[in-house]
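I am opening a fresh page for a structure I have not looked at before. My plan is to go from the whole protein down to single residues.

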Amino acid sequence: MSSTDFSSQNGAGGPPYANGPSQNPVALQPPGPGYMAHQTPYNPMQAKGPMPPGPGIYNSGPYQPIPPVSSNQALPSQPMLKRPPMGPQHSMTPPQSASPNPGSRIPPAHATPPPVSANNYQHAPAWQYGGTLPMGAPPSMGAPPPMAMPPLRPVGNHMTSSPSLATPQASSAEYRATPPVFHNAMQPLGPPTSLQGYTQQGHMPTPGNGAQVPNSFDHLEMGPKMAGPLPPQQPGPPTRQMGLSYPSLPPGYQNTSAPPTAATMQHPVQPSTQPYSHPQPYQQPSAGPAQLSPSLSGLSLQSQTPEALRVVNLLQERNLLPLGPVTPPTPCLPQDLQKINCHPEVFRSTLTSIPQTQSLLNKAKLPLGLLLHPFKDLSQLPVVTSSTIVRCRSCRTYINPFVTFLDQRRWKCNLCYRVNDVPEEFMYNPVSRSYGEPHKRPEVQNATLEFIAPSEYMLRPPQPAVYLIVLDVSHNAVETGYLDVVCQSLLENINALPGDSRTKIGFITFDSTIHFYNLQEGLSQPQMLIVTDIEDIFLPTPDSLLVNLNECKELVQDLLRSLPQMFGKTMETQCALGPALQAAFKLLSATGGRVSVFQTQLPSLGVGALKSREDPNQRASAKDIQHLSPATDFYKKLALDCSGQQVAVDLFLLSSQYCDLASLGCISRYSAGSVYYYPSYHQQHNPAGVECFQKDLKRYLTRKIGFEAVMRIRCSKGLSIHTFHGNFFVRSTDLLSLPNVNPDAGFAVQMSIEENLVDMQSVSFQAALLYTSSKGERRIRVHTMCLPVVNSLSDIFAGADVQAITCLLASMAVDRSVTASLSDARDAMTNASIDSLTSFRTSVLTIQQPGLLAPACLRLFPLYILALLKQKAFRTGTSTRLDDRVFAMCQLKYQPLAYVMLMIHPALYRVDDLTDEGALNVSERTIPQPRVQQLSVEKLSRDGAFLMDAGSVIYLWIGRNCNPNFLTQVLGLPNYAAVPLNMNMLPELDTAESQRTRAFVGWLREQRPFFPILHVIRDESPLKASFLQNMIEDRTESALSYYEFLLHIQQQVSK
Ligand SMILES: [Zn+2]
């Protein structure tokens, strides 16, 4: 696949950000023929026309009705559309009407989608692994039968009407014309069902094994690819002969190395048998959400006055922060269902009560979306090995705790409502070793679990772990001293790299030329091969550059020991990053894998060379921020090529100068990589930065990794996805291509309600992540979340999750900053808070009172919005470096919610008087829990010491009159004047105060996958300004104080 294949869809000739930010509804106004308008989701990011910065001239434009348009017509262009409509649009982008459009209707989701030209699917899909398909793979990948329909889902309606799918990204799973085959169903029951304890190493299906199955990914990651609509009660899959007596079943399970007792159900960290030893109360057969009504009605919000709806006058109640962390709301579900619902750290929704209709959602003026942390490190993860992974025959949803069992033999899908047969194997419960209790199976008891996928989930043998390290060795790079750290860290962690006996590794270095390293077994030392023709990169010895780590470990270690010296005296200043990346892509195309790029300057040679676009003199004065979008589409196109070959690129940017992260970051963004940024990195001058880099590297090298992954998000009929946020490539409407997946990546998804959910008590969302583990297993991690459907605005407000809303808005605002402008994004965020509070005031409150009124659950909303406006990504008026700003934007988009919230609204604690009162006990350590303070200078007292946790940075501010006890017992310093201007660590003193403080800081650090630098600050410290910039409630030269902001909002709300 060449990069040009992507150009039509991704707008290579147009706005270079087409796949990402331009999914932002505001940026796209698909006017193409056949485009179907449908009811417009409320989009808080929608600009309201020019919004004056100051209070008083607020224009509430977008919510004023505009004349309805006919459903097949392009929506009228809108004033906020700042760029011409793009060419072929991405399929999942909905129309962006500036107002709810009562005239437009979408066809029902089950309507037959418009016919799809077979031409649309003529390309081999991107993820078909470069022709290494095992024998017996579907022969007709190139020319699928026209019967192969896109999924019969709401998204299908506009998906098929968009020409944008005429690209390889249409998943090949679309091609299948045959119904799913349930494997092994007629064979003796093998591989047994067991939980955890599964240690198959390097499982390599031989051709003809998994390959006999029609397209394997279809089974997993596609929706209904049936040749036609299913009859309502199609006979179930071939199952074991019915009437096969129960005693014949257990032997299948006896194939396990250990009998399926509770002992086989160990969890990695928590080997107790929970939750299985205590079967969850499960109201069989009527526990499914479809039968919720009696219990749910008992929980009606109207019957109580929930705390969430308590009216708060924000102008009066100043101290709104809870004592500890802000906790997400609990969905209003019957307790037995809520108990097994997906954990909010993994999967949560901005609204924990889903509005029945889009128009109701529009009235609430709150964004609807999901936040996911799908590959999070979990201390407890049930792992299931089963010969049959039970999925809905129609929509391919995995059986989950929220399905309904009509009886022992039939279950009803909670996403599409099809009734499915319970396969015979599923009748046996390996946990209780009993028969006839399908609802007690682990799949139905856990909202998060992982399957070991059988061979039909593979298209080729699972790839080995492949790591390629690409290092800038120009003079500038060597000068920073970073090479020592990287090589040392690799040497230290070489045995901890995730992988198995097949793991491969390779190295490329570059300056004005590209250097390869022959590490073939048998050589006495690594052999360096220099390619000077950077215009036409080739691999000098293709077979010996990527070697088996175990077999060639000594050569690899030799290389790592000598690399830092090899370039020690280089005078080469040029840097050919683009050609080096092309070489990396070539080297990894055949296998897929992970590229780790270390870069220290603006690339200056060959393809992808960049020029400085930042003018520091204009930072503060410019009316709007320029150059947030990439200068070239080279990095994006290459990333898409990488994505197609299952290669992800992680970028480590260590630099003291502008590097154009907006351009370089595309290489990671579209290949599902990560970006790390260490401004002002220098081995001597920035020891704190070096420590941070070392710690991050260790985590990076040793954390879990999934290869050749895809993630699909399914939701109940009536709901649809319209925008994704994060690092990935969107392969089809609900499928993300993730060449690598890591445990620290977060995703956000905007949703819309396409069909009224009138008859539904609840809806469900399911995220399925199929990946190859570093040990070569295909695994599927499945998360399912169930939420109630409500039909009143007050219920919607009562379920609002202010943190999730804030994070989703932040992602949307990043897109908007790039596609429109930063000022547009800022206005849109402000408007989001105004609109929702206006809606609350006018539609929910029955008694009008003076003041700025918010429901308790949204009381922090204006504060968080103000915090976003002052966040590095979005702030104005201060001298924020462009790369710093762009990096903050990257973080807002791909970090999980917990870390994003700290970036937006840091936590401030007083720490000079820490006590053990209310302390946590974590593995026999006592962790003090000081209360969270408001972010205002008023809260800092000069006789104290305050710790501010801003996510990736922790500040410890020492007051001028700080308690001498703290100075001596914690800092080991005689007095205030002795506090160094650059102090980055706490001494290990044998005092109770020191232990408490270090325990607290250590505990904060442990909870995130990156290493926050600690800065001890006093009045004279250069970083004092950064610390004070986080005092969100205070006024700054260019931004309102919290109170002023509230007054501004009140003025708008009361209009
Ligand atoms: Zn279904």
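How much area does the protein expose, and what share of it do carbon and sulfur atoms supply? I am working from a predicted model. I looked up the surface: about 36300 Å² is exposed, and carbon and sulfur atoms supply 53% of that.

Next, the overall make-up. I find 26 helices and 35 strands in the protein. Of its 1055 residues, 65% count as buried. I also checked contacts with a separation of 6 or more: residues 24 or more positions apart account for 79% of them.

Then the interior. The largest nonpolar core has 208 residues. Helix α18, residues 802–819, gives this core its largest share, 11 residues. I noted a second, separate core of 46 residues, with Y517, V690, F693 and Y700 among its members. Nonpolar side chains tend to be buried together in soluble globular proteins.

I picked I514, one of the residues with the most contacts inside the largest core. Leaving out residues up to four places away in sequence, I514 touches L529, I530 and V531, among others. Its partners also include A576, P579, A580 and A583.

That list led me to helix α12, residues 577–588. I see 10 of its 12 residues buried, including P579, A580 and A583. The helix reaches 17 Å from first C-alpha to last, close to the expected 16 Å.

Last, helix α24, residues 992–1006. Its 15 residues reach 21 Å, close to the 21 Å expected. Among its buried residues I list F1000, W1003, L1004 and R1005.

How values were computed
Residues numbered from 1 in each chain as written. Predicted model: local features only at pLDDT ≥ 70, side-chain atom pairs only at ≥ 80, totals over all residues. Heavy atoms only, no water. Helix = DSSP H or I, 4+ residues; strand = E, 2+ residues; numbered from the N terminus. Expected span 1.5 Å × (residues − 1). Buried < 20%, exposed > 50% of the residue type's maximum accessible area, 1.4 Å probe, protein only. Core = buried A, V, L, I, M, F, W, Y, C linked by side-chain atoms within 4.5 Å. Contact = heavy atoms within 4.5 Å. Areas by Shrake-Rupley, 256 points an atom, 1.4 Å probe, with all protein chains shown as cover.
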